[in-house]
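Please open the model in your viewer and keep the selection panel at hand. The tour goes from helix contacts to pockets.

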Amino acid sequence: MLNLRLEGKQPIYEQLYSGIARLISTGELKPEEKLPAVREVAKQFGINPNTVQKAYSQLEQAGLIHSVPAKGSYVSAAGSAADALRKDALQRLKNELLAAYHAGITPEQIKTLTDEVWGDGKGGNT
């Protein structure tokens, strides 16, 4: 189910968070689908269970999953997960815009980029 490459400079828990969020957003993980147990994921990738638990906790805080005591973690209902993904994307965009502002990027340059993404109707996939 999870097919992630946990390598690079990004912390493993962030990569795991991003990978699961991507699976939810693409519909590969369905609403109310049970996620693999923390220990199962840790064993699969050869990582510490605490790392997996940290990713699951952040997914839960973001509203993408919910846990049921003694049962496991599940993908949130369709509307909740979609809302959580949008909220997360907006927060990340805000952080990047603040970084761009501090780097001297102008609103016109930002507009050019947004036109590239939305202007062709393909979401920037050319």
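Bear in mind throughout that this is a predicted model. Begin by selecting helix 1 and helix 3, which are oblique to each other, helix 1 comprising residues 12-25 and helix 3 residues 49-61. Their axes come within 8 Å and cross at roughly 50°, an angle that falls outside the ranges counted as roughly parallel, antiparallel or perpendicular and is therefore classed as oblique. Seen as a crossing, the passage of helix 1 over helix 3 is right-handed.

Next, show the side chains where these two helices meet. From helix 1, select Ile12, Tyr13, Leu16, Tyr17, Ile20 and Ala21, and from helix 3 select Thr51, Val52, Lys54, Ala55, Tyr56, Gln58 and Leu59, which they contact. Coloured by class, the residues of this contact separate into 10 nonpolar, two polar and one charged.

Keep helix 1 on display and add helix 4, residues 78-102. The axes of helix 1 and helix 4 come within 10 Å and cross at roughly 130°, which makes helix 1 oblique to helix 4 as well. Here the crossing is left-handed. To see the contact itself, select Tyr17, Ala21, Ile24 and Ser25 in helix 1 together with Ala81, Leu85 and Asp88 in helix 4; by class, five of these residues are nonpolar, one is polar and one is charged.

With the three helices shown, turn to the pockets. Which residues line the largest pocket? Select Tyr17, Ser18, Gln58, Gln61, Ala62, Ala84, Lys87, Asp88, Gln91 and Arg92 to outline the lining, which surrounds a volume of about 240 Å³. Helix 1, helix 3 and helix 4 each supply at least two of the lining residues, and the largest share, five residues, comes from helix 4. The lining is made up of three nonpolar, four polar and three charged residues. Tyr17, already selected in the contact of helix 1 with helix 3 and in that with helix 4, belongs to this lining too.

For the last stop, follow helix 4 and add helix 5, residues 107-119, since both belong on display for the second largest pocket, where each supplies at least two lining residues. This pocket has a volume of about 200 Å³, and its lining is shown by selecting Leu93, Glu96, Leu97, Ala100, Ile110, Leu113, Thr114, Val117 and Trp118. Helix 5 gives the most to this lining, with five residues. By class, the lining of the second largest pocket holds seven nonpolar residues, one polar and one charged.

Methods
Residues numbered from 1 in each chain as written. Predicted model: local features only at pLDDT ≥ 70, side-chain atom pairs only at ≥ 80, totals over all residues. Heavy atoms only, no water. Axes fitted to C-alpha atoms, helices over the stretch in contact; angles between N-to-C directions. Helix = DSSP H or I, 4+ residues; strand = E, 2+ residues; numbered from the N terminus. Parallel < 35°, antiparallel > 145°, perpendicular 65-115°, else oblique. Left-handed = near helix turned anticlockwise from the far one by under 90°. Contact = heavy atoms within 4.5 Å. Nonpolar A, V, L, I, M, F, W, Y, C, P; charged D, E, K, R; others polar. 1 Å grid on protein atoms, 1.4 Å probe; cavity = no way out; pocket = protein on both sides within 12 Å on 5 of 7 lines; lining within 4 Å. Points joined across faces, edges and corners; volume = space filled by probe spheres on them.
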